[in-house]
Amino acid sequence: MKKWLFPGILAAALAGCSNGPANPDEATAPADVIATDLEAPWSINKQGDAQFLFAFVFGF
Amino acid sequence: MLKPDFDDSQEAYGYYVYEDNGKSYNKIAEFRLDSGSWSETAVLLSGIPTGNVHHGGRLEFSEDGLLYATIGDASEPDLAQDPASVNGKILRLNEFNEFEIYSLGHRNPQGLAWDGETMYAAEHGQSANDEINIIEQDANYGWPDIEGEETADGLEEPFVTSGADDTWAPSGIDFHDGALYISALRGTAIKVMDPESAEITDSIEGYGRIRDVYSDGNGLYFITNNTDGRGTPTEGDDKLYILNE
């Protein structure tokens, strides 16, 4: 019983992690990838071509 | 943010950090694309105070073509109620380098979208209490005096809040097929809100931190932000997606 203490704590910590599964195989709605390896932070430009990206600044 | 007449003008607006005499500031500037290269052609507003966090900078055009900018409180909450400061405000700007404070009392507004003439803004709460607000000119949205479900005379309550126990960290928002799509960073989801009932009707998950969403009227695009130091990047991050509907 005791030997599972650490993995149990780790699993609990991961469950509480804010990031969740970043895996499209586990996605609740399917989506197609248009572009990869984009540097953060990026914003989708909302005039015209959605594939045109423009950097912006945020703290959060 | 490309100008509405970008096809003809090849011009856009941007919001970025710059240094002056060893201090950091933000700037809203105009850019022009020429032979594949961008150059800065004008400054609309400079000297915007920065902070360690929440000092930027969503730019959006309303449907009547006016430019709006969100500016966070730069970690100095009282600035959001100071009419002499642009921090903690939503600004409206014009091409003559003039701006006005459109609304105040914002902590960290990162999303702007319009449903017809109705303006919506997404804002991060201090701890949970994230907000979707309907923005009215000259209205005061309460930070730091109230947040989330708190109320006070003369201060606007949010249209929707995540509540005191849930964190979305909402960034970009946009309308698509009559629903408001809300990108959530810490919430690692796209929240879908019915603007009639103000209910969250869906939560699209599995892509990590979502920075922005965009509808071109046909498809719904979204972009991840897993490489910003707060996420768990997977191969190929960050990615731009189109939702299969």
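User: A salt bridge is a side-chain nitrogen of Lys or Arg within 4 Å of a carboxyl oxygen of Asp or Glu. How many salt bridges does a search of the whole structure find over all chains?

Analyst: The structure is a predicted model. Among the pairs that meet this criterion are the side chains of B:Arg32 and B:Glu11, at 2.3 Å from N to O. Over all chains, the number of salt bridges found in the whole structure is 8.

User: How many residues apart in sequence are the parts that B:Arg32 and B:Glu11 tie together?

Analyst: The side chains of B:Arg32 and B:Glu11 form a salt bridge. B:Arg32 belongs to strand β2 (residues 23–34) of chain B and B:Glu11 to strand β1 of chain B, so the parts that the pair ties together are separated in sequence by 21 residues.

User: Is B:Glu11 buried or exposed?

Analyst: Its salt-bridge partner B:Arg32 has a relative accessibility of 34% and so counts as partly exposed. The cut-off for a buried residue is under 20% relative accessible area. B:Glu11 has a relative accessible area of 11%, and the class of B:Glu11 is therefore buried.

User: What is the N to O distance at which the side chains of B:Lys27 and B:Glu40 meet?

Analyst: The two side chains form a salt bridge. This pair connects distant parts of the chain, with B:Lys27 in strand β2 and B:Glu40 in strand β3 of chain B, 13 residues apart. B:Lys27 is buried at 13% relative accessible area, whereas B:Glu40 is partly exposed at 35%. The distance from N to O is 3.4 Å.

User: What is the relative accessible area of B:Asp212?

Analyst: B:Asp212 shares a salt bridge with B:Arg58, at 3.1 Å from N to O. B:Arg58 sits in the loop between β3 and β4 of chain B and B:Asp212 in strand β16 (residues 210–215), so the pair ties together parts 154 residues apart in sequence. B:Arg58 is buried, with 3% relative accessibility. B:Asp212 is also buried, and its relative accessible area is 0%.

User: Which residues do salt bridges that share partners join into one network?

Analyst: The bridge between B:Arg32 and B:Glu11 has both of its residues in this network. The full membership is B:Lys3, B:Glu11, B:Glu30 and B:Arg32.

User: Which members of the largest nonpolar core touch the most other members?

Analyst: This core has 15 residues. The elements giving two or more residues to the core are β1 (11–20), β3 (37–49), β4 (59–61), β5 (67–71) and β6 (89–93) of chain B. A second, separate core has 14 residues, including B:Tyr181, B:Val213, B:Phe222 and B:Tyr241. In the largest core, the members touching the most others are B:Ile28, B:Ile48, B:Leu59, B:Leu67 and B:Leu93.

User: Which residue in β6(B) is the bridge partner of B:Leu67?

Analyst: β5(B) and β6(B) pair in the antiparallel sense over 5 bridges. Outside its neighbours within four places in sequence, B:Leu93 has contacts that include B:Ile28, B:Leu44, B:Leu67 and B:Phe99. The bridge partner of B:Leu67 in β6(B) is B:Leu93.

User: Which residues of β5(B) point the other way from B:Leu67, B:Ala69 and B:Ile71?

Analyst: In a regular strand the side chains alternate between the two faces of the sheet. In β5(B), 5 of its 5 residues are buried, and this covers both directions. Opposite in direction to B:Leu67, B:Ala69 and B:Ile71 are B:Tyr68 and B:Thr70.

User: Which residue takes a positive phi in the hairpin of β4(B) and β5(B)?

Analyst: The two strands pair in the antiparallel sense over 3 bridges, and B:Glu60 stands opposite B:Tyr68 in β5(B). The hairpin has 5 residues between its strands. The residue with a positive phi, near 85°, is B:Gly65.

User: What is the volume of the second largest cavity?

Analyst: The structure holds 2 cavities of 30 Å³ or more. Residues lining the second largest one include B:Arg107, B:Glu123, B:His124, B:Tyr141 and B:Trp143. Its volume is about 50 Å³.

User: How far apart in space are B:Asn108 and B:Ala122, C-alpha to C-alpha?

Analyst: B:Asn108 is in the loop between β7 (99–104) and β8 (109–115) of chain B, and is buried at 0% relative accessible area. B:Asn108 and B:Ala122 are 14 residues apart in sequence. Their C-alpha to C-alpha separation is 8.5 Å.

Notes
Residues numbered from 1 in each chain as written. Chains lettered and ligands numbered in written order. Predicted model: local features only at pLDDT ≥ 70, side-chain atom pairs only at ≥ 80, totals over all residues. Heavy atoms only, no water. Core = buried A, V, L, I, M, F, W, Y, C linked by side-chain atoms within 4.5 Å. Buried < 20%, exposed > 50% of the residue type's maximum accessible area, 1.4 Å probe, protein only. Helix = DSSP H or I, 4+ residues; strand = E, 2+ residues; numbered from the N terminus. Contact = heavy atoms within 4.5 Å. Pairing = 2+ DSSP bridges. 1 Å grid on protein atoms, 1.4 Å probe; cavity = no way out; pocket = protein on both sides within 12 Å on 5 of 7 lines; lining within 4 Å. Points joined across faces, edges and corners; volume = space filled by probe spheres on them.
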